[in-house]
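Grab a viewer and work through these short exercises on a ligand and its surroundings. Try each task before reading its solution.

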Amino acid sequence: MDAEITIFDKIVSGQIKANIVYQDDQCLAFHDVNPQAPVHILLIPKQRNGLTQLSKAQEHNKEILGHLLFTVTKIVELVDELKKGFRIVINDGENGGQSVWHLHIHIIGGEQLTWPPGSSGSQKK
Ligand code: 5GP
């Protein structure tokens, strides 16, 4: 899974079109093709650099991880519907529901979000 090209590499290279919200030299944000809320943006590092998923992060990824979180604030400045609040989600691995093996932050908002998210209800007592 590690060296495989993903759909996000193709979005970064322009091979697959995406509705881009923001980009700089290190990261790219675009609307999710299958939105789970009125606003659903994905924020990714342009270079995967081993970050197939958050749990694979290493020392050399620390700067981009900080950059991605800081970039969330820039995206909120650009997207009015996020100004009343939003949620960020990083799905990790099989149990986390991850389907694309290139680290990405979901930025979800544009309405009142519910909590808790996505458990099957089998939580420990
Ligand atoms: P995950 O399930 O890995 O946390 O999230 C992957 C996300 O990528 C999903 O929300 C899915 O809708 C989105 N996605 C998959 N393929 C494409 C695509 O070709 N374009 C865009 N914009 N989003 C995609």
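Two exercises with worked solutions follow.

This is a predicted model, where local features need pLDDT of at least 70, side-chain atom pairs count only at pLDDT 80 or more, and totals for chains, interfaces and linings use all residues. Residues are numbered from 1 along each chain as its sequence is written, and side-chain values use heavy atoms, with hydrogens and water left out.

**Exercise 1.** Find which residues come nearest to the ligand, then look for its contacts with backbone atoms.

Step 1: Start with the shell, meaning residues with a heavy atom within 4 Å of the ligand. There are 16 of them, and D32, N91, S99, H104 and H106 come nearest.

Step 2: Now look for polar contacts (pairs of N or O atoms within 3.5 Å). A ligand oxygen is 2.7 Å from a polar backbone atom of S99. On the nitrogen side, a ligand nitrogen lies 2.9 Å from a polar backbone atom of H31, and a backbone N or O atom of V33 is 3.3 Å from a ligand nitrogen.

Step 3: Check the cover, using Shrake-Rupley accessible areas with a 1.4 Å probe. On its own the ligand has 520 Å² of accessible area, and the protein covers 83% of that.

**Exercise 2.** Work out which elements (DSSP runs: helices, H or I, at least four residues; strands, E, at least two) give two or more residues to the shell around the ligand.

Step 1: Go through the shell by element: α1 (7–13) and β2 (27–31) meet that mark.

Step 2: Compare shares: α1 gives the largest, three residues.

Note on methods: Polar contact = N/O pair within 3.5 Å; in protein donor to acceptor, adjacent residues only side chain to side chain.
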